[in-house]
Amino acid sequence: MGKKQRWDNCALCGEFRLTTREHVVPKGLYPESKGASSTFQRITVAACFDCNNGTSDDDVHFRNVMAMSGDASPSVREVWEGPIRRSFGKVDGRRRALDVFKLMKPAPEFEGNRYMIYPGNDPRVLGTIRKVVRGLCHHHRLLAVVKNDKVWADVLKYPIPTEFAEAVVIAHAEPDILDYKYLVVDEDELHSFWLLRFYERTTFIAFVFNKSIAIEEPDSMVEGAS
Ligand SMILES: [Zn+2]
């Protein structure tokens, strides 16, 4: 693949293995026009093949879901016109499109054929969020390694209590793609609290715990969730 490999501790599993530098924020989320931007430094971490490779398909799915959630900003429009259109045209495009449409529900409160999309009902979407948070924990040197079973994530459904909102560290990545904030609590079982907003509209909340938790994943679309 031509990607530079080196022996290092994987940022996601902690094992000493051959690693490559991998993007913490799935790179498909960036429109091509951002590729030329030298002002923006993308966050990368060392990741082993096992931790990274199994999730590249999930990254594409995540990009598709984020691009379809809400009204289109210029960045979303560019991603939509380019890579998404191309990916739906490929051999597995039909499957990818179906993966997205499965998350959609009619929204009769709006006029015309409007649909709402429910990213919080998709285990693959939430898995991508957990992976982003794990990478950011390493990047900010908060914890060397965060295993997948120490992170809980969901779409933000309720306003954040103001004491949280005032205390968080604001750590913009690239505001029109992802901006995120975090608060290190490190008390008892809770390590930190995270808010991640994609394309200035879909916000996820995540908690990192100091010990493993049983991750509850929705197995199908749950009525009333958003
Ligand atoms: Zn690994």
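## Exercises on a predicted model

In this predicted model, helix H6 buries Val125, Leu126, Thr128, Ile129, Arg130, Lys131, Val132, Val133, Arg134, Gly135, Leu136 and Cys137.

**Exercise 1. Work out whether helix H6 is mostly covered or mostly open, and check its span.**

Step 1: start with the count. Twelve of the 17 residues in H6 are buried, so the helix is mostly covered. Charged residues turn up on that list too, including Arg130, Lys131 and Arg134.

Step 2: get the expected span. H6 covers residues 123-139, and 1.5 Å goes with each residue. The multiplier is one less than the number of residues, and the result for H6 is 24 Å.

Step 3: compare with the model. The end C-alpha atoms of H6 lie 24 Å apart, which agrees with the expected value.

Step 4: look at both ends. At the start of H6, Asp122 puts a side-chain oxygen within 2.8 Å of the backbone nitrogen of Arg124. After the helix comes Arg141, with a positive phi near 60°.

**Exercise 2. Find the protein donors of the zinc ion and assign their geometry.**

Step 1: list the donors. They are the SG atoms of Cys10, Cys13, Cys48 and Cys51, sitting 2.3 to 2.4 Å from the zinc ion.

Step 2: read the spacing along the chain. The pattern for these donors is C-x2-C-x34-C-x2-C.

Step 3: go to the angles. The four donor atoms subtend 104 to 116° around the zinc ion. Tetrahedral needs all angles between 85 and 135 degrees, so this arrangement qualifies as tetrahedral.

Step 4: check burial, where the cut-off is under 20% relative accessible area. Cys13 has 15% relative accessibility, so it counts as buried. Cys51 has 18%, so it is buried as well. Cys48 is also buried.

Step 5: see what a disulfide search gives. Run over the whole structure, it turns up zero.

**Exercise 3. Classify the aromatic pair of Phe198 and Phe204.**

Step 1: set the scene. The structure holds nine aromatic pairs, and Phe198 with Phe204 is one of this kind.

Step 2: pick your descriptors. For two aromatic rings you want the distance of the centres and the angle of the planes.

Step 3: plug in the values. The rings of Phe198 and Phe204 are 6.0 Å apart centre to centre, with 80° between the planes. Planes over 60 degrees apart count as edge-to-face, and that is the label for Phe198 and Phe204.

Step 4: add the surroundings. Phe198 and Phe204 are both buried.

Step 5: look beyond the pair. Trp152, Phe193, Phe207 and Phe209 make up one aromatic cluster.

Terms used:
Residues are numbered from 1 along each chain as its sequence is written. This is a predicted model: local features need pLDDT of at least 70, side-chain atom pairs count only at pLDDT 80 or more; totals for chains, interfaces and linings use all residues. Side-chain values use heavy atoms; hydrogens and water are left out. A disulfide is a pair of cysteine sulfur atoms within 2.5 Å. Buried means under 20% relative accessible area, exposed over 50%, partly exposed in between (1.4 Å probe, protein chains only). Helices (H or I, at least four residues) and strands (E, at least two) are DSSP runs, numbered from the N terminus. A polar contact is a pair of N or O atoms within 3.5 Å; within protein, one must be able to donate a hydrogen and the other to accept it, and residues adjacent in sequence count only if both atoms are side-chain atoms. Donors are N, O and S atoms within 2.8 Å of the metal (3.2 Å for Na, K and Ca); water is not among the atoms, so sites may look incomplete. Four donors count as tetrahedral if all angles lie between 85 and 135 degrees; four count as square planar and six as octahedral if opposite donors are over 155 degrees apart and all others between 65 and 115; anything else is irregular. Rings of Phe, Tyr and Trp (its six-membered ring) pair if their centres lie within 6.5 Å; planes under 30 degrees apart count as stacked, over 60 as edge-to-face and the rest as tilted.
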